[in-house]
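User: I am new to this structure and would like a close look at a single part of it. Please take me through the strand pairing step by step.

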Amino acid sequence: MIMRSQFDLTPFRRSTVGFDRLFDFLETAGRGEQGDNYPPFDIEKLGDDSYRITLAVAGFKAGEIDVTARQNLLIVTGRKGDMRKEGNFLHMGIATRAFERRFELADFVRVERADLADGLLSIELVREIPEAMKPRKIAINGGENTLIEADDRARQTEDA
């Protein structure tokens, strides 16, 4: 049995700006809301800014799966048509029930592509930080507002 304790994140909320989504995510995860574990999935880090989510969706065709990317949310939905199997089955264990899987995405993560092969749905994700959001050094020039890009700063120190 897993016991989870509830943390009060109020002190952190008071001393931070812009982290509301993070704290909401931590509070939701801390509640232990374990839903259905179907379909099973893997999350793989391919590089510094690239990821892959692989879902086991055996029995589903591409037209029966919907992948929707919203801001900071990826929703994968599978719906089978009404298919009544004919025959004298002793056991039916192949799951073909409808499902919905949700994945919280970090800022600036976008879905690059989705592929279905051999019963596995692979979704490639890439984090692309906009140029305006990348770190930059700000020079202090007695009132002038001059920006020095990180690469320019490195070249200045090499030249010295």
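How many bridges join strand β4 to β5, and in which sense do the two strands run?

Analyst: This is a predicted model, and within it strand β4, which covers residues 73–78, is joined to β5 by 6 bridges, the two strands running antiparallel. One place to find this pairing in the structure is Val76, whose bridge partner in β5 is Arg101. The two strands belong to an open sheet of 3 strands, which has the order β3-β4-β5 and antiparallel pairing. At the edges of this sheet stand β3, residues 65–70, and β5, residues 99–104, and because each of them has a single partner strand, one side of each is left without a neighbour in the sheet. If the direction of the strands is ignored, neighbouring strands of this sheet are turned by 15° against each other on average.

It may help to set another sheet beside this one. An open sheet of 4 strands, also with antiparallel pairing, has the order β1-β2-β7-β6. Its edge strands are β1, residues 41–47, and β6, residues 109–117, each of which pairs on one side only. Here neighbouring strands are turned by 20° against each other on average, again with direction ignored. Within this sheet, strand β2, made of residues 50–56, pairs with strand β7, made of residues 120–127, in the antiparallel sense over 7 bridges. To locate this pairing, one can look at Ile53, whose bridge partner in β7 is Ile123.

Key:
Residues are numbered from 1 along each chain as its sequence is written. This is a predicted model: local features need pLDDT of at least 70, side-chain atom pairs count only at pLDDT 80 or more; totals for chains, interfaces and linings use all residues. Side-chain values use heavy atoms; hydrogens and water are left out. Two strands pair if DSSP finds at least two bridges between them. Axes are lines fitted to C-alpha atoms, for helices over the stretch in contact, and angles run from 0 to 180 degrees between N-to-C directions.
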